[in-house]
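User: I've got a fold open in my viewer and I'd like to learn how to read it feature by feature. Could you walk me through it?

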Amino acid sequence: MRRKIPSIASLRAFEAAARHGNFARTAEELSLTEGAISRQIARLETVLNCRLFDRTGTRVKLNPVGVRYAHHVREILERLERDTQYVMGMPEGSRSLEIAVLPTFCSRWLIPRLSSFQSLYPDITLNIAARTDPFILTGSGFDAAIHFEHPAWAGMRTRVLFEEKLVPVCHPALLTNNNIFEQLNALPRIHRRQNPEAWLHYAQQSGIILDNPSQGVRYDLHEMAIAAILAGQGVAMVPRIYVEKELNKGALVAPWPESEYMSKKFCLVKPVETGINEHALQDFDSWLQAESLLVR
């Protein structure tokens, strides 16, 4: 079936006329005659089979249908311009991938390692977006996602990278005596909003006594909790892989045992059907697999 899509010329004329409310100023902006603008708008209204403007003398005003359509057309034209400029700036023979990644995993683990990927595959551009929740990968515009195992990925190609294990972490200045277990109970606890019972489960599984384990501030992201513990505001349950650098430098300490039970598996999730970027995705997959082996 032939798609019913107006011409770019008609859409540009409409978008400019919607902004100016005047065909003369629209014609001046687009270096056309006022008659040419009027004809483009008429063609567009014929395609749509409805009027977009109310006309009063030389002035035109969007009607309710026109207001809604102008909003969508402006977004589409802006997106088309951005995509066009992006493609124009790409070197010949280059490849690109659109990857959705958990925010803290991206900033704390993935991005610090990307220099090695770029040195191996200088022709591949990785465009990365943060996604905190699972989503439908097919039709999303992403080539792959790095996320936790989840039923939402059923039917997708998934490969486990490594496990995330939580451990209590705090600033070393907060430890004032040798009884670290008593201090863990006394320190202000920091929670992640999506896992509010983490401290309760940790106390049950480790046998460490924690009075009122649910008390304390809550943050959406591990990145926020890490910023809080770096500022000396308390102790948080965070994945060790996110704070390895700070632990090695002594900026943070983790003298308590990590949880062996509260863990999640990071996975690379790919669509079941291969796409035009499959070869680039295979290169990224191979590099990611090699990097993840260093964590285990």
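User: Let's start with Trp199 and Tyr202: in which helix do they lie, and how many residues apart are they?

Analyst: This is a predicted model, so keep in mind that everything here is computed from it. Trp199 and Tyr202 both belong to helix α8, and they are three residues apart, about one turn of the helix. Both side chains are buried.

User: How do I read the geometry of that aromatic pair, Trp199 and Tyr202?

Analyst: Look at two numbers, the separation of the ring centres and the angle between the planes; planes over 60 degrees apart count as edge-to-face. There are 16 aromatic pairs in the structure. In the one formed by Trp199 and Tyr202, the rings are 6.1 Å centre to centre with 90° between the planes, so by the over-60 cut-off the pair is edge-to-face.

User: Which residues of α8 are buried?

Analyst: Under 20% relative accessible area counts as buried. In α8, residues 198–206, that gives Ala198, Trp199, Tyr202 and Ala203. They span an arc of only 135° around the axis, which puts them on the same side of α8.

User: And what do the buried residues of α8 pack against?

Analyst: Their partners are β6 (157–169), α7 (180–186), β7 (189–192) and β9 (235–239). Just past the helix comes Gly207, with a positive phi near 80°.

User: Now the sheet. In what order do the strands come?

Analyst: To read a sheet, walk across it from partner to partner. Here eight strands make an open sheet, ordered β4-β3-β5-β10-β6-β9-β7-β8, and the pairing is mixed. The edges are β4 (124–130) and β8 (217–219); each has a single partner strand, so one side of each is left without a neighbour in the sheet. On average, neighbouring strands of this sheet are turned by 25° against each other, direction ignored.

User: How do β7 and β8 pair, parallel or antiparallel?

Analyst: Parallel, over three bridges. One residue to click on is Ile190, whose bridge partner in β8 is Val217.

User: Which helices pack on the sheet, and what angles do their directions make with β9?

Analyst: Take them one by one. α8 touches β6, β7 and β9, and its direction makes about 85° with that of β9. Helix α9 (residues 222–230) touches β6, β7, β8 and β9, and its direction makes about 135° with that of β9.

User: What about strand β5, is it mostly covered or open?

Analyst: Mostly covered: β5 spans residues 144–148, and five of its five residues are buried. For its neighbours, check the bridges. Three of them join β5 to strand β3 (residues 95–101), and these two run parallel. Ala100, for example, has Ala145 as its bridge partner in β5. With strand β10 (residues 263–270), β5 pairs in the antiparallel sense over four bridges.

User: What stands opposite Phe148 in β10?

Analyst: Phe266 does. The two phenylalanines also turn up in a cluster linked by ring pairs, together with Phe105, Trp109 and Phe162. On top of that, the charged end of Lys264 sits over the ring of Phe148, 4.7 Å from its centre.

User: There's a lysine in β6, Lys165. Why does Lys165 count as partly exposed?

Analyst: Because its relative accessibility is 25%, and partly exposed is the range between buried, under 20%, and exposed, over 50%. Leaving out residues up to four places away in sequence, Lys165 touches Val238, Pro239, Arg240, Glu258, Ser259, Glu260, Met262 and Ser263. As for Arg131, 34 residues from Lys165 along the chain, their C-alpha atoms are separated by 20 Å.

User: Last topic, backbone angles. What should I look for?

Analyst: Most residues other than glycine have a negative phi, so positive ones deserve a look. Ser31 is one of them here, with a positive phi of about 55° although it is not a glycine. Asn49 is another, with phi near 60°.

User: Where do Ser31 and Asn49 sit, and are they buried or exposed?

Analyst: Ser31 is in the loop between α2 (23–30) and α3 (34–48), and Ser31 is exposed at 65% relative accessible area. Asn49 is in the loop between α3 and β1 (53–56), and Asn49 is exposed too, at 69%.

Definitions and conventions: Residues are numbered from 1 along each chain as its sequence is written. This is a predicted model: local features need pLDDT of at least 70, side-chain atom pairs count only at pLDDT 80 or more; totals for chains, interfaces and linings use all residues. Side-chain values use heavy atoms; hydrogens and water are left out. Buried means under 20% relative accessible area, exposed over 50%, partly exposed in between (1.4 Å probe, protein chains only). The arc is that of the directions from the helix axis to the C-beta atoms. Contact means heavy atoms within 4.5 Å. Rings of Phe, Tyr and Trp (its six-membered ring) pair if their centres lie within 6.5 Å; planes under 30 degrees apart count as stacked, over 60 as edge-to-face and the rest as tilted. A charge sits over a ring if NZ of Lys or CZ of Arg is within 6 Å of the ring centre and within 35 degrees of the ring normal. Two strands pair if DSSP finds at least two bridges between them. Axes are lines fitted to C-alpha atoms, for helices over the stretch in contact, and angles run from 0 to 180 degrees between N-to-C directions.
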